[in-house]
Amino acid sequence: SGGGAAGAKGVTVTPLMAYMKKRADSRRKGKARGDRKARKKKAHKGHQKGQQQQQQQQPPFALVDEVLAGGPAERAGLAVGDQLLRFGSIDAASFGGNLHQVAEHARASENAVVKLGVIRAGQHLELELVPQAWAGNGLLGCHMRKMA
């Protein structure tokens, strides 16, 4: 009977038909796998976007009102008027209302990178500051005040 096998309804399935069915099934599985990957990737992007929105929705806790020339803050790109959303692990939720907390974090992170989140002219920026001894006082080279 031409090398084929009888199917469920008495239809002869040729090797070519079996191959085509297997290939079609494989494509369907591949598409399903691709769909799962796309959904997973989309969910991950949504999570990242949610984190960014949450971060941007947090109010700033300090305002930079002075940046000294040649200091670590200037080298990091910090500018007068920047609103501090995050200084390392300190943010509005963990800020105790005392800027000494920022100074303590700077001392504990001396010569290490501290990630800053700031708002400048309505734009969210990420900066990296390295608190360190320099020609001026302190480890930062800037002055900030608590946001009301």
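Which residue of S4 does Leu-63 stand opposite? The partner is Gln-83. The model is predicted: local features require pLDDT of at least 70, side-chain atom pairs count only at pLDDT 80 or more, and totals for chains, interfaces and linings use all residues. Residues are numbered from 1 along each chain as its sequence is written, and side-chain values use heavy atoms, with hydrogens and water left out.

The protein chain holds 3 helices and 8 strands. Helices (H or I, at least four residues) and strands (E, at least two) are DSSP runs, numbered from the N terminus. Read from that end, the order of elements is β-β-α-β-α-β-β-α-β-β-β. Of the 148 residues, 25% count as buried. Buried means under 20% relative accessible area, exposed means over 50%, and partly exposed lies in between, for a 1.4 Å probe and protein chains only. Among contacts with a separation of 6 or more, residues 24 or more positions apart account for 58%. A contact means heavy atoms within 4.5 Å.

Strand S4 covers residues 83-87. Because 4 of its 5 residues are buried, S4 is largely enclosed by the rest of the structure. S4 pairs with S3 in the antiparallel sense over 2 bridges. Two strands pair if DSSP finds at least two bridges between them. Ala-62 of S3 has Leu-84 as its bridge partner in S4. S4 also pairs with S6, again antiparallel, over 4 bridges. Here Arg-86 is bridged to Gly-117 of S6. A further antiparallel pairing, over 2 bridges, joins S4 to S5 (residues 90-91). In that pairing Phe-87 stands opposite Ile-90. S4 and S5 form a hairpin with 2 residues between them. Gly-88 in the turn has a positive phi of about 65 degrees.

Strand S3 has a further antiparallel partner, S8 (residues 142-146), with 5 bridges. Ala-62 stands opposite Lys-146 in S8. Ala-62 is thus matched to Leu-84 in S4 and to Lys-146 in S8.

Asp-82 lies in the loop between H2 and S4. Its relative accessible area is 1%, so Asp-82 is buried. The side chains of Asp-82 and Arg-120 are joined by a polar contact of 2.7 Å. A polar contact is a pair of N or O atoms within 3.5 Å; within protein, one must be able to donate a hydrogen and the other to accept it, and residues adjacent in sequence count only if both atoms are side-chain atoms. Leaving out residues up to four places away in sequence, Asp-82 touches Ala-62, Leu-63, Val-64, Gly-77, Val-118, Ile-119, Arg-120 and Leu-127.

Leu-68 sits in the loop between S3 (62-67) and H2 (72-76). Leu-68 counts as partly exposed because its relative accessibility is 33%. Residues up to four places away aside, Leu-68 touches Glu-74, Trp-134 and Gly-141. Ala-79 is 11 residues from Leu-68 in sequence, and their C-alpha atoms are 9.6 Å apart.

Two loop residues stand out by backbone angle. Most residues other than glycine have a negative phi. Asn-111, however, has a phi near 65 degrees. Asn-111 is in the loop between H3 and S6 (114-120). With a relative accessible area of 54%, Asn-111 is exposed. Beyond its neighbours within four places in sequence, Asn-111 is in contact with Val-130, Pro-131 and Gln-132. The C-alpha atoms of Asn-111 and Val-130 are separated by 5.6 Å, although the residues are 19 apart along the chain. Ala-121 likewise has a positive phi, of about 50 degrees. Ala-121 lies in the loop between S6 and S7 (123-129). At 79% relative accessibility, Ala-121 counts as exposed.

The largest pocket holds about 340 Å³ of space. Of its 15 lining residues, the closest to the centre are Leu-99, Ala-103, Leu-140, Cys-142 and His-143. On a 1 Å grid over the protein atoms alone, a pocket is an open set of points where a 1.4 Å probe fits, with protein on both sides within 12 Å along at least five of seven lines; lining residues have an atom within 4 Å of a point. The volume is the space filled by probe spheres set on the points, which are joined across faces, edges and corners. H3 (100-108) and S8 each supply at least two lining residues. The largest share, 5 residues, comes from H3. The lining divides into 9 nonpolar, 5 polar and 1 charged residues. Ala, Val, Leu, Ile, Met, Phe, Trp, Tyr, Cys and Pro count as nonpolar, Asp, Glu, Lys and Arg as charged, and the others, Gly among them, as polar.
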